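Here are my notes on the structure, set out as numbered points so that each can be checked against the coordinates.

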Amino acid sequence: MGPVHLFDLAAQQARWLSARQVAVAENIANANTPGYRAADVPPFETVFNDTNLTMAATDAAHIGADPASPDLVPVREGPAWEISHSGNSVSLDQELLKSGEVTSKASLNNAVVKAFNQMLMTSLKG
């Protein structure tokens, strides 16, 4: 049996989610600090693209990726929602949305790992 990369990928995403939650918490904590600039971590897709995981077609009937697919179009992040007179660029609404996104992605990550673990244990027990 070859290495199972799903657990490593899930661990990488969990570390990324933790770092993003720290950045969001720091932004919220400094919401009233004059001149504070909101920070964020790079998207997880860049972390994922830096790994050596590649998709492999194991059957001739598998569907390949279409280069014109909307998922492959690069998306640019826009500027902060608002900048206050003090130069602070933290928007509490935006930070709370990011926090909710982190929570939902962490829940999904945990559910996938749990399901994969149950599947793996079931296949080993027979």
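The points below take up helix packing, salt bridges, burial and one surface patch.

1. Please keep in mind throughout that this is a predicted model. The remarks on side chains should be read with that origin in view.

2. I would begin with the packing of two helices, α1, which covers residues 5-29, and α3, which covers residues 92-125. Their axes come within 10 Å and cross at roughly 160 degrees. Because angles over 145 degrees count as roughly antiparallel, α1 is described as roughly antiparallel to α3. The crossing of these two helices is left-handed.

3. Two C-alpha pairs show how residues of α3 are placed relative to distant parts of the chain. Asn 109, which lies in helix α3, has its C-alpha atom 8.9 Å from that of Ala 11, although the two residues are 98 apart along the chain. Val 113, also in helix α3, is separated from Leu 9 by 9.9 Å between C-alpha atoms, with their positions 104 residues apart along the chain. As to accessibility, Asn 109 is buried, with a relative accessible area of 7%, whereas Val 113, at 24%, counts as partly exposed.

4. Which residues are linked in a network of salt bridges? The network consists of Arg 20, Asp 40, Glu 95, Lys 98, Glu 101 and Lys 105, and the structure as a whole holds five salt bridges.

5. Within that network, the pair Asp 40 and Lys 98 deserves a separate look, the closest N and O atoms of this salt bridge being 3.5 Å apart. Asp 40 lies in the loop between α1 and α2 (44-49) and Lys 98 in helix α3, so the pair ties together parts that are 58 residues apart in sequence. The two partners fall into separate accessibility classes, since Asp 40 is partly exposed, with a relative accessible area of 31%, while Lys 98 is buried, at 12%.

6. Lys 98 also forms a salt bridge with Glu 95, where the closest N and O atoms are 3.4 Å apart. Both residues lie in helix α3, three residues apart, which is about one turn of the helix. Is Glu 95 buried or exposed? Glu 95 has a relative accessible area of 0%, and because buried means under 20%, Glu 95 is classed as buried. Lys 98, at 12%, is buried as well, and I would suggest viewing this pair together with the bridge from Lys 98 to Asp 40.

7. Further along α3, the side chains of Glu 101 and Lys 105 meet in a salt bridge with an N to O distance of 3.4 Å. These two residues both lie in helix α3 and are four residues apart, about one turn of the helix. Glu 101, at 32% relative accessibility, counts as partly exposed, and Lys 105, at 30%, counts as partly exposed too.

8. Finally, the surface carries a nonpolar patch of about 260 Å², made by Ile 28, Leu 92 and Leu 96. Leu 96 is found in helix α3. With a relative accessible area of 54%, Leu 96 is exposed, because exposed means over 50%.

Conventions:
Residues numbered from 1 in each chain as written. Predicted model: local features only at pLDDT ≥ 70, side-chain atom pairs only at ≥ 80, totals over all residues. Heavy atoms only, no water. Patch = residues over 30% accessible without salt bridge, like charges linked within 9 Å, V, L, I, M, F, W, Y side chains within 5 Å. Areas by Shrake-Rupley, 256 points an atom, 1.4 Å probe, with all protein chains shown as cover. Salt bridge = Lys/Arg side-chain N within 4 Å of Asp/Glu carboxyl O. Buried < 20%, exposed > 50% of the residue type's maximum accessible area, 1.4 Å probe, protein only. Axes fitted to C-alpha atoms, helices over the stretch in contact; angles between N-to-C directions. Parallel < 35°, antiparallel > 145°, perpendicular 65-115°, else oblique. Left-handed = near helix turned anticlockwise from the far one by under 90°.
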